[in-house]
Amino acid sequence: QSESLVVCDVAEDLVEKLRKFRFRKETNNAAIIMKIDKDKQLVVLDEEHEGISPDELKDELPERQPRYPSHAAAIWTYSLLEAVQKKTFIVYSYKYQHEDGRVSYPLCFIFSSPVGCKPEQQMMYAGSKNKLV
């Protein structure tokens with residue numbers, strides 16, 4: 001089954017960073033972007049961002065390199081979704097104000113496989129995302 005396919009493991013330091021990110025106390029927008037180290041067959045941290053808007057995040061993503069971004073977010077803007085047309089894993093977190101006045105900081109996981117990526121990269125990312133979710 002493709003759902004259980006795992007091509008790459010996740011670096012131990014990244015697992016810990018994602019755990020801390022999930023339970024972070026900060027109230028600003030933040031993101032973790034991940035990539036695959038092909039030689040080590042390992043998902044590793046690529047970049048971290050604090051106080052980043054969806055538009056700024058979009059500008060950080062590569063054109064043809066697959067990535068795993070990590071952010072806690074409730075709503076993604078259309079421009080960010082456009083940006084994630086690159087092979088990527090992202091976790092995004094941001095402040096969300098509910099209509100009733102409550103505030104939450106949802107965590108979103110985004111995976112994208114852009115047009116033009118090498119099939120080998122597409123398989124590595126598609127097969128590894130289950131380790132991150």
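**Entry 1: Lys35 and its partner**

I started with Lys35, which is partly exposed, with a relative accessible area of 30%. I should jot down that I'm working from a predicted model here. Next I looked for what the Lys35 side chain touches, and I found a salt bridge with Asp46, 3.6 Å from N to O. Asp46 sits in strand β3 and Lys35 in strand β2, so this pair ties together parts that are 11 residues apart in sequence. I checked Asp46 too: its relative accessibility is 21%, so it counts as partly exposed. That was a close call, because buried means under 20%.

**Entry 2: the two strands**

Lys35 made me curious about β2 itself. How many of the residues in β2 are buried? I got 6 of 8, so I'm calling this strand, residues 30–37, mostly covered. Then I looked at how β2 meets β3, which covers residues 42–50. The two run antiparallel, and 8 bridges join them. I picked out one facing pair: Ile33 in my notes stands opposite Glu47 of β3. I also followed the chain from β2 to β3 and found a hairpin, with 4 residues between the strands. Gln41 is in that turn, and I noted its positive phi of about 50°. A reminder to myself: in a regular strand, side chains alternate between the two faces of the sheet.

**Entry 3: more salt bridges**

I ran a search over the whole structure and it turned up 6 salt bridges. One of them joins Arg24 and Glu26, where the closest N and O atoms are 3.8 Å apart. That fits the cut-off, because a salt bridge needs the nitrogen within 4 Å of the oxygen. Are these two buried or exposed? Arg24 counts as buried, at 15% relative accessibility, while Glu26 counts as partly exposed, at 45%. I then saw that Glu50 joins in as well: Arg24, Glu26 and Glu50 are linked in a network of salt bridges.

I also looked up Asp100 and Arg102, whose side chains meet in a salt bridge of 2.8 Å, N to O. Asp100 is exposed, with a relative accessible area of 54%.

**Entry 4: a negative patch**

Last stop: charges on the surface. Which residues gather in a patch of negative charge there? I found Asp55, Glu56, Asp59 and Glu60. I zoomed in on Asp55, which has its place in helix α2, residues 54–60. Asp55 comes out as partly exposed, with a relative accessible area of 43%. That lets Asp55 into the patch, because members need over 30% relative accessible area and no salt bridge.

Conventions. Residues numbered from 1 in each chain as written. Predicted model: local features only at pLDDT ≥ 70, side-chain atom pairs only at ≥ 80, totals over all residues. Heavy atoms only, no water. Patch = residues over 30% accessible without salt bridge, like charges linked within 9 Å, V, L, I, M, F, W, Y side chains within 5 Å. Areas by Shrake-Rupley, 256 points an atom, 1.4 Å probe, with all protein chains shown as cover. Lys, Arg positive; Asp, Glu negative; His and termini not counted. Charge placed at Lys NZ, Arg CZ, Asp CG, Glu CD. Buried < 20%, exposed > 50% of the residue type's maximum accessible area, 1.4 Å probe, protein only. Pairing = 2+ DSSP bridges.
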